[in-house]
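I opened this entry to look up how the strands pair, what surrounds the ligand and where the backbone is unusual. My notes follow the structure.

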Amino acid sequence: MPDDNPAERFVASPMRDNWYQSSSFYGSSFALITSVNEEGLTSIGPYQLSFPFEVIKRRSWMVISRPSSNTVANVRRTRKCALNFVEYDREQIETILKFGYPGQPPAEKMAYNTFHLVDSPTPGRSGEGFPQIIADAFQVFECTLDVERIEENPILRDSTSAHLLLNIENILVKEQWKGMIDGSGDRMPRVPLTYGFRGGSTFWFGEPQPAYKLPIPDLGANHEVVHYEANRLDDEIRFTLEASKALSGIPRAFLRQVLEGIVRQARKRSVVEVTPEFLEQLNRERSQAQGG
Ligand SMILES: Cc1cc2nc3c(=O)[nH]c(=O)nc-3n(C[C@H](O)[C@H](O)[C@H](O)COP(=O)(O)O)c2cc1C
């Protein structure tokens with residue numbers, strides 16, 4: 001890179017509030033959060049600062065909002081909300097942008113809403129305090145605010161923004177997308193992008209390109225790879241790190257197959273923790289069965 005090209009020089013960008021969109025570039029998708037107001041009306045708020053927070057054992061989500069939003073008031077009161085994820089649609093983006101304009105009471109927003117709201121199909125998740133969900137979404141996370149853990153954590157509790165720590169109770173995925181989660185199909189949802197509020201008068205969005213897949217480079221099956229792969233195969237069965245280390249010699253091409261075999265055996269015997277001892281037991285049984 002030629003260092004005499006001024007365009008290639010790094011320069012400091014002034015640190016401002018909401019720095020992710022006022023001092024830098026940050027592109028990501030966003031969630032449409034449904035929550036219920038005091039009159040029992042479901043409303044929709046778009047939130048870009050909205051990310052997976054805990055991903056192993058606990059399933060949680062973090063939303064960062066201005067503290068005076070409808071969503072914050074509703075979720076703090078009812079503890080319930082749903083994170084709705086919709087595919088890119090140029091016309092719907094205009095509605096989403098309008099939803100993002102602060103200070104509109106939910107009834108005002110719902111008057112121009114072009115999304116279709118329906119009751120949740122989850123038993124016990126409709127009726128008082130429970131938000132409706134967006135029928136147009138490709139997936140929905142149904143959440144409860146973790147008031148106790150927010151109170152215990154000074155960063156979350158004392159922040160000048162509202163940090164909503166949400167426990168994800170249900171992940172709902174449209175039937176047509178469910179089979180695509182493992183990447184075996186040839187489609188991904190067309191996830192819309194936003195780059196946020198810029199320059200005082202514009203809000204930036206991005207049109208997604210179709211997703212494509214690449215094979216993971218084979219750098220050998222080290223125990224971290226084994227551990228990650230093994231622990232996402234089943235809801236309950238967990239491989240200890242030691243068990244993953246014991247399996248780290250398996251060639252990458254056979255790894256998934258071997259791990260699935262172990263999970264099948266564990267399930268058959270109601271074993272929820274795969275340890276080196278359990279692997280040895282399986283090996284012993286296999287060599288006995290082979291007459292070895
Ligand atoms: C695409 C998009 C993303 C947004 N992301 C955020 C965000 O992460 N945090 C936030 O406080 N406001 C965000 N806003 C602005 C809020 O949507 C705005 O405060 C709105 O009033 C929230 O609706 P509510 O008051 O009904 O909750 C976003 C707006 C748009 C259009």
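**Strand pairing, then the ligand shell**

I began with Gln-139 and found that its bridge partner in E9 is Val-173. I note that the model is predicted, that local features need pLDDT of at least 70 and side-chain atom pairs pLDDT 80 or more, while totals for chains, interfaces and linings use all residues. Residues are numbered from 1 along each chain as its sequence is written.

I take helices (H or I, at least four residues) and strands (E, at least two) as DSSP runs numbered from the N terminus, and I call two strands paired if DSSP finds at least two bridges between them. On that basis strand E8 (residues 139–145) and strand E9 (residues 162–173) run antiparallel and are joined by seven bridges.

I then followed Asn-84 of E5, which is the bridge partner of Leu-32 and whose own partner in E8 is Val-140. Three bridges join E1 to E5 and six join E5 to E8, antiparallel in the latter pair as in the former. I counted a residue as buried if 20 or more other C-beta atoms, placed from the backbone, lie within 10 Å of its own, as exposed if 12 or fewer do, and as partly exposed in between. Five of the six residues of E5 are buried, so this strand is largely enclosed by the rest of the structure.

Looking at the whole sheet, I read an open arrangement of seven strands in the order E2-E1-E5-E8-E9-E4-E3, with antiparallel pairing. E2 and strand E3 (50–52) stand at the edges with a single partner strand each, so one side of each has no neighbour in the sheet.

Next I asked which residues surround the ligand, with near meaning a C-beta atom, placed from the backbone, within 6 Å of it. There are 20 of them, and the closest are Gly-45, Leu-49, Asn-70, Thr-71 and Gly-100. Strand E2 (42–47), strand E4 (60–65), helix H2 (70–78) and helix H3 (90–99) each give two or more residues to this shell, and E2 gives the most, with four.

Finally I checked phi and noted two residues other than glycine with positive values: Lys-57, near 65 degrees, and Ser-270, about 55 degrees. Lys-57 lies in the loop between E3 and E4 and counts as exposed, with 7 C-beta neighbours inside 10 Å. Ser-270 is in the loop between helix H10 (252–268) and strand E13 (273–274), and is exposed with 8 other C-beta atoms within 10 Å.
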